[in-house]
Amino acid sequence: MSVDHVEDVETGTESTATTAAADVRTYAVAPGVRLNVRNGPGTGYGIVRVLPEGTRVPIFCQTPGTWVSGPYGTSNIWDNIDNGEYVSDAYVQTGSDGYVASRCA
């Protein structure tokens with residue numbers, strides 16, 4: 001977790017701000033897979049990029065979407081890996097058939 005020192009110039013008060021990004025784990029994409037990254041949680045959303053083989057992804061939150069079958073089972077869970085970018089959890093080795101991160105708001 002990172003901490004930034006903040007001082008309010010007008011009042012002279014100090015506070016700290018923490019960043020949760022340092023707490024986010026990364027997970028391996030299935031071996032031999034070039035994974036489509038979509039702009040929403042489902043196969044009906046557009047592809048924004050393709051992850052190369054051997055990629056690890058952060059999971060900031062998860063949300064239900066289109067059912068997909070992949071190397072790690074069949075799931076309707078979609079992983080938010082960046083702002084507006086989602087991958088099917090069926091292609092990410094999380095070690096779980098359920099949610100491993102909080103639900104997306």
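These are my notebook entries on a predicted model of a protein.

**Entry 1. Overall make-up**

I began with the secondary structure. The protein has zero helices and 10 strands. Read along the sequence, the pattern is β-β-β-β-β-β-β-β-β-β. I then looked up burial and found that 33% of the 105 residues are buried. The accessible surface comes to about 6300 Å², and carbon and sulfur atoms account for 48% of that surface. I also looked at contacts with a separation of 6 or more, where residues 24 or more positions apart make up 42%.

**Entry 2. Disulfide**

I searched the whole structure for disulfides and found one. The disulfide joins Cys61 to Cys104, with S to S at 2.0 Å. The two cysteines are 43 residues apart and link distant parts of the chain. Cys61 sits in strand S7, residues 61–70, while Cys104 sits in the segment after strand S10, residues 92–93. I checked the torsion about the S-S bond of Cys61 and Cys104; it is about 95°, so I noted the disulfide as right-handed. Both Cys61 and Cys104 are buried.

**Entry 3. Salt bridge**

How many salt bridges does the structure hold? I found one. Glu85 forms a salt bridge with Arg49, and the closest N and O atoms are 2.7 Å apart. This pair also links distant parts of the chain, with Glu85 in strand S9 and Arg49 in strand S5, residues 47–51. The separation in sequence is 36 residues. I looked up the accessibility of each partner. Glu85 counts as buried because its relative accessibility is 15%, under the 20% limit. Arg49 has a relative accessible area of 36% and is partly exposed.

**Entry 4. Arg38**

Next I looked at Arg38 in strand S4, residues 35–38. Arg38 is buried and has no salt bridge. Which side chain of opposite charge is nearest to Arg38? It is that of Glu85, 12 Å away. I then checked what the Arg38 side chain does reach, and found the backbone oxygen of Tyr45 at 2.6 Å. Leaving aside neighbours within four places in sequence, I listed the contacts of Arg38 as Thr43, Tyr45, Gly46, Ile47, Val48, Trp78, Gly84, Glu85 and Tyr86.

**Entry 5. Asp89**

I looked up a second buried charged residue, Asp89. Asp89 is in the loop between strand S9, residues 85–88, and S10. It has no salt bridge, and the nearest side chain of opposite charge, Arg25, is 11 Å away. Beyond neighbours within four places in sequence, Asp89 is in contact with Ile59, Gln62, Ser75, Ile77, Trp78, Asp79, Thr94, Ser96 and Gly98. Trp78 is thus listed for Asp89 and for Arg38.

**Entry 6. Asn36**

I went back to strand S4 for Asn36. Asn36 counts as partly exposed, at 29% relative accessibility. Leaving aside neighbours within four places in sequence, its contacts are Ile47, Arg49, Val50, Tyr86 and Val87. Arg49 in that list is the salt-bridge partner of Glu85. I also looked up a C-alpha distance: Asn36 and Tyr91 are 55 residues apart along the chain and separated by 9.9 Å.

**Entry 7. Pro41**

Where is Pro41 placed? I found Pro41 in the loop between S4 and S5. Pro41 is buried, with a relative accessible area of 18%. Its C-alpha atom lies 7.0 Å from that of Thr63, with the two positions 22 residues apart along the chain counted as their separation. Beyond neighbours within four places in sequence, Pro41 is in contact with Thr63, Pro64, Gly65, Thr66, Trp78 and Tyr86.

**Entry 8. Ser69**

Last, I looked at Ser69 in strand S7. Is Ser69 buried or exposed? Ser69 is exposed, because its relative accessible area is 51% and the exposed class starts over 50%. The side chains of Ser69 and Thr74 are joined by a polar contact of 2.7 Å. Leaving aside neighbours within four places in sequence, Ser69 is in contact with Thr74, Ala90 and Tyr91. For Ser69 and Tyr91 I noted 8.4 Å from C-alpha to C-alpha, at 22 residues apart in sequence.

Note on methods. Residues are numbered from 1 along each chain as its sequence is written. This is a predicted model: local features need pLDDT of at least 70, side-chain atom pairs count only at pLDDT 80 or more; totals for chains, interfaces and linings use all residues. Side-chain values use heavy atoms; hydrogens and water are left out. Helices (H or I, at least four residues) and strands (E, at least two) are DSSP runs, numbered from the N terminus. Buried means under 20% relative accessible area, exposed over 50%, partly exposed in between (1.4 Å probe, protein chains only). Lys and Arg count as positive and Asp and Glu as negative; His and the chain ends are not counted. A salt bridge is a side-chain nitrogen of Lys or Arg within 4 Å of a carboxyl oxygen of Asp or Glu. A polar contact is a pair of N or O atoms within 3.5 Å; within protein, one must be able to donate a hydrogen and the other to accept it, and residues adjacent in sequence count only if both atoms are side-chain atoms. Contact means heavy atoms within 4.5 Å. A disulfide is a pair of cysteine sulfur atoms within 2.5 Å. Accessible areas come from the Shrake-Rupley method with a 1.4 Å probe; for residues, only the protein chains shown count as cover.
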